[in-house]
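Student: Please take a close look at the surroundings of the ligand, and explain the terms with their cut-offs along the way.

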Amino acid sequence: MRGCGKTTVGKLLAANLGMDFADSDDIVALQAGMSIAELVKCHGWEAFREREAAVIGELASQDNTVIGTGGGVITREENIAALRKRGKIVWLEADIDILLARLGEHGDRPSLTGRPFAEDLRTVLTARYPIYLKTADFSVDTSDREPAAIAQLIAEFLKGSGSISAATLVCGVIGNPVAHSLSPTMHNRAYRALGLDYVYLAFTTADINRAVDGIRGLNIRGVSVTIPHKEAACQLVDELDQSARDCGAVNTIVNDRGMLRGYNSDGAAALRAIEETTPVKGKQAVLLGAGGAATAIAAALNGAGARLTILNRHPERAAALANRFNAATGGLDDITKISGADILINATPVGMWPETEASPVPAEALHRNLTVFDAVYNPRMTRLLCDAGAAGAKIVPGDKMLLYLAAAQFKLFTGREAPLEVMAAALNEALGGEDHA
Ligand code: NAP
């Protein structure tokens, strides 16, 4: 983006790596025999983009070259493909106000949107932000870094030594089993996209007490907590967030200089996934299951104003949970309760790989007025969701919940908004392949 320091940083980086530096804008201007501003004024933005694409295609085929490009280069897929073929794409990020301060009031480019300069820059940056996030192999926040330090960071990333260092913050998932967890893929991809010096690992954990001691002893920044440790973790942290107190379980521990705080993002993540399709306030929701996920989801739905019915294989567990949320209750076979419902949620493992033909309720119980959310995400399209779709119901797959709870954890660990599209792409890729038991 204009003002990000690409030329200064690019030249320093090239010197650091012993490479050449080329600025695509300079070459376009040279070839056109006029400045970029004049080119755009005389022939329009499209003509500039055409010339830019030709220059990028040529530069990207060269070895040992650091290429500085304008921020709009990523608006064309052909440019991204060309740059990716043999290279890495680095995004020099900066807060919009800092860009404006660097560029002065007016900048040197014609407006893309026809609006005044500051507004133009803000509009363009906002629109492009998701593309930068998605496209960058590495990003550096240049707001408060010197060009030499930025070049050094990029050089380390390119040499492969920047990914893990003595300063790298460690996060992970503790549970048993976690060998097939999709969380490392999502979190690590997100760290890389934002250029954060973090790593996320999977720790198979038999003994939660010793694992939590390990978090303190090794100064691990934070962990996701999964089956079977979510309830026990409540007793081991120093403080419980309201989200964890509401459901008596912890799915996230954050370590702030030795002080461990437990959170639970399960319920909010499920609610967010469901509410993308159907707002729950005042709706009749039937929840299947009374375990950890069901408890978190019941607390979130109750908080959001849904009217709950909880059905469980062991009805006494459903009754105990229903008692806390003033909900109706019954056994898992009490499917007449579904006929008048607006929302049906499966929070049992029924239908999960490898029992993919199983469903917690018979297809006849489903109807077109339902929104059906299945917490099971492996497979993504469970038997229950297939039956629901066939009955004309709206469906919400469980990977949405997984994505949103991971995004909430990412924010707790790093303090940064999660790059949702990057994490979703990582999850999709992971789920698109083999099944994950
Ligand atoms: P949990 O605490 O062990 O609870 C399991 C619940 O399912 C209990 O209510 C249990 O009933 C019921 N159940 C188990 N096997 C059953 C069967 N064969 N038939 C009928 N009911 C059965 O487990 P959880 O942590 O709540 O997890 C439940 C599901 O949610 C799992 O599939 C998990 O992968 C999924 N989940 C998904 C996400 C996500 O991000 N999408 C997040 C968390 C959990 P009883 O009480 O009668 O034993």
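Tutor: The account below begins with the basis of the values and then turns to the ligand and its shell.

This is a predicted model, in which local features need pLDDT of at least 70 and side-chain atom pairs count only at pLDDT 80 or more, while totals for chains, interfaces and linings use all residues. Residues are numbered from 1 along each chain as its sequence is written, and side-chain values use heavy atoms, with hydrogens and water left out.

The ligand sits in the largest pocket. A pocket is defined on a 1 Å grid over the protein atoms alone, as an open set of points with protein on both sides within 12 Å along at least five of seven lines; the probe has a radius parameter of 1.4 Å, and lining residues have an atom within 4 Å of a point. A molecule sits in a pocket if more than half of its atoms lie within 2 Å of the grid points.

The elements that give two or more residues to the shell around the ligand are helix H14 (292-303) and helix H17 (399-414). Of these, H17 makes the largest contribution to the shell, with three residues. Helices are DSSP runs of H or I with at least four residues, numbered from the N terminus.

In total, 23 residues surround the ligand, and Ala290, Ala293, Asn312, His314 and Arg317 come nearest. A residue counts as near if one of its heavy atoms lies within 4 Å of the molecule. By residue class, the shell comprises 14 nonpolar, seven polar and two charged residues. Here Ala, Val, Leu, Ile, Met, Phe, Trp, Tyr, Cys and Pro count as nonpolar, Asp, Glu, Lys and Arg as charged, and the others, Gly among them, as polar.

Backbone atoms of the protein approach the ligand at several points. A polar backbone atom of alanine 293 is 2.7 Å from an oxygen atom of the ligand. For alanine 375, a backbone N or O atom lies 2.8 Å from a nitrogen atom of the ligand, and a polar backbone atom of glycine 398 is 3.0 Å from a nitrogen atom of the ligand. The protein buries 78% of the 910 Å² that the ligand exposes when taken alone; accessible areas come from the Shrake-Rupley method with a 1.4 Å probe.

Key: A polar contact is a pair of N or O atoms within 3.5 Å; within protein, one must be able to donate a hydrogen and the other to accept it, and residues adjacent in sequence count only if both atoms are side-chain atoms.
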